[in-house]
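Student: Could you walk me through this structure, starting with the overall picture and then going into a few local spots?
Tutor: Gladly; let us put it on the screen before we begin.

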Amino acid sequence: AYTTQDKSVYYLLFPSNQLEFAIWIESCRMTDLIINNETLQIQKEVILEEKKEVIDNRPYGSLNLKLPKKLFITGGYSTEIIGLEEDILNASVDKTKRFYDNFYKPSNALLTISGDIDIEKTSDLIEKYFGQIPDKGKTIKSEFESGFVYKEEDETIYDNVNLPGLFISYRVPGENTDEFYSLDILGNMLSWGESSFLYRRLVHDKMLAAEAGIMYEPKEHAGIFTIYAILMPGIETELVKSEIDSVLHEITNGKFNESEIQKAKNLIEAREIYKLQTNLSKCESLSHYKVFYGNAEEVNRITDKYNSIDKASIVKTASKYLSVNKRVIFRYIPKNNKSGF
């Protein structure tokens, strides 16, 4: 299983002769939640250990907690998906049960099965195990709300890291929009491979950074587009920030050619085809487009949408959303270095 800020996904991989057993297991998740203080406490400890591993004890990991609060001011995606420690500790059996009753029911779920199956037999099994599950009433959902960033925010963090890190983040439109496809192509142009703009400028040519790239997190309602660099020792973050801004200035002024766009599209097309090679990835893609966009067949139109993006679209999107007045900057400095390097 895994959870994002938009969905929770449970999945099983099994031989086709165990189809009924797998459907029964999935129906059990939705039938009832057996929980008490002891079992809840065990899960709290598991989550807190996970938080230590992926956030607290990970270099630059606090970015995952600090950044959403800056980009999504009044709500929306302002809390990291794993949650705050106090929220985890304060979770009660009653709160957990209410959450389960509100969301874990047939009308709020999608079941997707892919593989060596007989359609009629599979439908009968789904009816057998899911058909009698009560729906527990209407699902309560809150509207997405969040204030926007209209200035540059800049914060320096002295942390237990070996090399300085620079993270420049922008709030961008949600996935499956024209802007999403433009930004995904641009992200590949900026960071995919040694010939990409950021690697060539920061790592190869000027040797300012040991690593540079893009972290793009598209979500249903909005996304986060982060340009990052892990600096070489002794290099000032301001110098690297100026170089990144210079690269963005070239992008917004159209100083790149069609071959670079086509290279990015080719890489993305290969990625999308690879995602459909397994039954599990097919299920994930079909489910995602059905839940969020009402049509699983959208998965067959992804390549066409990427190919419809041209140079003008990329320039327009970059100019609109990757602005110095709409971003949050985090500078991570090793604790033993207070000079700003």
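**Overall picture**

Tutor: Buried residues make up 39% of the 341 residues in the protein chain, and please keep in mind throughout that this is a predicted model.

Student: How many helices and strands does the protein chain have?
Tutor: There are 13 helices and 7 strands in the protein chain, and the C-alpha trace spans about 65 × 45 × 35 Å along its principal axes.

Student: And what share of the contacts joins residues at least 24 apart?
Tutor: If one takes the contacts between residues at least 6 apart in sequence, 78% of them join residues at least 24 apart.

Student: Can you give me an example of that?
Tutor: Isoleucine 168 and isoleucine 227 are 59 residues apart in sequence, yet their C-alpha atoms are 5.1 Å apart in space. Isoleucine 168 belongs to strand S4, and leaving aside neighbours within four places in sequence, its contacts include Phe225, Thr226, Ile227, Lys241 and Ile244, as well as Arg327, Val328 and Ile329.

Student: Is isoleucine 168 buried or exposed?
Tutor: Isoleucine 168 counts as buried because its relative accessible area is 0%.

Student: OK, switching to the surface: how much area does the protein chain expose, and what do carbon and sulfur supply?
Tutor: The exposed area of the protein chain is about 19100 Å², of which carbon and sulfur atoms supply 51%.

Student: Which residues form a nonpolar patch there?
Tutor: Ile42, Val46 and Ile47 form one, and together they have about 230 Å² of accessible area. Isoleucine 42 sits in helix H2, which covers residues 37–56, and this isoleucine counts as partly exposed because its relative accessibility is 44%.

Student: What about charge, how many positive and negative side chains are there?
Tutor: The protein chain carries 42 positive and 52 negative side chains, with the centres of the two sets lying 4 Å apart. On the surface, a patch of negative charge gathers Asp118, Glu120, Asp124 and Glu127.

Student: Where is glutamate 120, and is it buried or exposed?
Tutor: Glutamate 120 lies in helix H6, residues 119–130, and it counts as exposed because its relative accessible area is 60%.

Student: Back inside, then: which residues of helix H8 are buried?
Tutor: In H8, which runs over residues 197–205, the buried residues are Phe197, Leu198, Arg201, Leu202 and Val203.

Student: What do they pack against?
Tutor: The buried residues of H8 pack against three helices, namely H7 (178–191), H9 (237–252) and H10 (258–275), and against strands S5 (209–218) and S6 (222–231).

Student: What is the backbone doing just after H8?
Tutor: Methionine 207, just after H8, takes a positive phi of about 50°.

Student: Where else should I look for a positive phi in a residue that is not a glycine?
Tutor: Tyrosine 60, which is not a glycine, has a positive phi of about 65°, and asparagine 176 also has a positive phi, near 60°. Tyrosine 60 is found in the loop between H2 and helix H3 (63–71), whereas asparagine 176 is found in the loop between strand S4 (165–173) and H7.

Student: Why does tyrosine 60 count as buried?
Tutor: Tyrosine 60 counts as buried because its relative accessibility is 15%, and the cut-off for buried is under 20%.

Conventions. Residues numbered from 1 in each chain as written. Predicted model: local features only at pLDDT ≥ 70, side-chain atom pairs only at ≥ 80, totals over all residues. Heavy atoms only, no water. Patch = residues over 30% accessible without salt bridge, like charges linked within 9 Å, V, L, I, M, F, W, Y side chains within 5 Å. Areas by Shrake-Rupley, 256 points an atom, 1.4 Å probe, with all protein chains shown as cover. Salt bridge = Lys/Arg side-chain N within 4 Å of Asp/Glu carboxyl O. Helix = DSSP H or I, 4+ residues; strand = E, 2+ residues; numbered from the N terminus. Buried < 20%, exposed > 50% of the residue type's maximum accessible area, 1.4 Å probe, protein only. Contact = heavy atoms within 4.5 Å. Lys, Arg positive; Asp, Glu negative; His and termini not counted. Charge placed at Lys NZ, Arg CZ, Asp CG, Glu CD.
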